[in-house]
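Colleague: Could you take me through the aromatic pairs in this model, slowly and with the criteria spelled out? I would like to see how they sit in the rest of the chain.

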Amino acid sequence: MTISHAVVGLSAFLLVAGVQAAEYNFSFDVPYGQYERQFKMKTPGDGTLSCTVFIEKEYRGEKWVPAVILAAAEDDAEDDTLFLSSSTEPNGGPRTFHLRTFNQAKPVIDKTLWEAPDEKGVYKMAVSWYANGAIGYQYGIYASWQEKQFVEKPGFSTRHVSVHASGVKGSALCYSQTK
């Protein structure tokens with residue numbers, strides 16, 4: 001079987017299963033101290049947005065940490081949001097994954113999830129949204145994923161997901177699946 005046959009077969013299966021899938025590839029170059037949205041999509045039904053991130057350069061300073069952030073939010077201002085982010089320490093320290101949630105712009109959860117050796121700036125993050133209001137999140141280095149975890153009652157409904165960058169140059173390859 002050729003790759004094109006496999007892609008056609010997978011696409012047909014997803015359509016029969018009622019799943020819509022899309023791929024997004026984008027580059028970013030966001031200077032130190034700036035925060036830019038790179039991608040945003042509405043979230044009908046249940047779904048997942050997963051991204052593999054490739055960091056080429058980090059712009060460091062005293063106040064801001066260079067990072068790529070996945071967000072699952074209810075409002076455009078992102079006052080009701082779950083943020084999953086990853087950053088490294090200066091001078092080749094470990095890659096750290098963080099989770100923060102906000103309700104009405106007030107912090108609710110703020111925790112470090114995992115630290116691992118940085119693999120040349122390549123890592124993965126994903127957020128999932130569900131009709132029952134839960135939000136799932138997952139992260140990993142290179143080919144391995146950590147177990148999916150959940151915020152069962154975030155205090156808001158996910159209406160959109162987005163990808164943001166701050167103080168980094170690189171690219172991301174993201175996939176979305178919705179039912």
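Modeller: Happy to. The count of aromatic pairs comes to nine, where rings of Phe, Tyr and Trp (its six-membered ring) pair if their centres lie within 6.5 Å, and planes under 30 degrees apart count as stacked, over 60 as edge-to-face and the rest as tilted. A pair of aromatic rings is described by the distance of the centres and the angle of the planes. Take Phe97 and Tyr123: their ring centres are 5.9 Å apart and the planes stand at 75 degrees, so this pair is edge-to-face. Phe97 belongs to strand 6 (residues 95-103) and Tyr123 to strand 8 (residues 122-129), so the pair links distant parts of the chain, 26 residues apart. Helices (H or I, at least four residues) and strands (E, at least two) are DSSP runs, numbered from the N terminus. Phe97 and Tyr123 are both buried, a word used here for under 20% relative accessible area, with exposed meaning over 50% and partly exposed in between (1.4 Å probe, protein chains only).

Before the next pair, a word on the ground rules. This is a predicted model, in which local features need pLDDT of at least 70 and side-chain atom pairs count only at pLDDT 80 or more, while totals for chains, interfaces and linings use all residues. Residues are numbered from 1 along each chain as its sequence is written, and side-chain values use heavy atoms, with hydrogens and water left out.

Now for Phe97 and Tyr123's counterpart in this tour. Both Phe97 and Tyr123 are buried, as said. Tyr130 and Phe150 have ring centres 6.0 Å apart and planes at 50 degrees, so their pair is tilted. Tyr130 lies in the loop between strand 8 and strand 9 (135-141), and Phe150 in strand 11 (residues 149-151), so the pair ties together parts that are 20 residues apart in sequence. Tyr130 counts as partly exposed, at 26% relative accessibility, and Phe150 also counts as partly exposed, at 39%. Leaving aside neighbours within four places in sequence, Tyr130 is in contact with Asp46, Ile135, Gly136, Lys148 and Phe150, where contact means heavy atoms within 4.5 Å.

There is also an aromatic cluster, formed by Tyr24, Phe26, Phe28 and Phe39. To place Tyr130 against this cluster, take Phe39: the two residues are 91 residues apart in sequence and 20 Å apart in space, C-alpha to C-alpha. Another cluster member, Tyr24, is touched by Ser176. Ser176 is found in strand 13 (residues 168-178) and is buried, with a relative accessible area of 4%. Not counting residues up to four places away in sequence, Ser176 also touches Gln20, Ala21, Ala22, Met41, Thr48 and Leu49.

Two loops deserve a look as well. Most residues other than glycine have a negative phi, and most peptide bonds are trans. Glu78, although not a glycine, has a positive phi of about 60 degrees; Glu78 lies in the loop between strand 4 and strand 5 and counts as buried at 9% relative accessibility. Ala77 lies in that loop too, between strand 4 (67-73) and strand 5 (81-88), but Ala77 counts as exposed at 56%. Ala77 and Ala105 are 28 residues apart in sequence, with their C-alpha atoms 9.1 Å apart in space. Lys120 is not a glycine either and has a positive phi of about 55 degrees. Lys120 is found in the loop between strand 7 (106-116) and strand 8, and counts as exposed at 75% relative accessibility.

Finally, the setting for these details. The protein chain has one helix and 13 strands, and the helix precedes the strands along the sequence. A compact globule of 179 residues would have a radius of gyration near 16 Å, and the 16 Å of the protein chain agrees with that; the radius is taken over C-alpha atoms, and the globule rule is 2.2 Å times the number of residues to the power 0.38. Along its principal axes, the C-alpha trace spans about 50 × 40 × 25 Å. Of the 179 residues, 44% count as buried. Among the contacts with a separation of 6 or more, 65% come from residues 24 or more positions apart.
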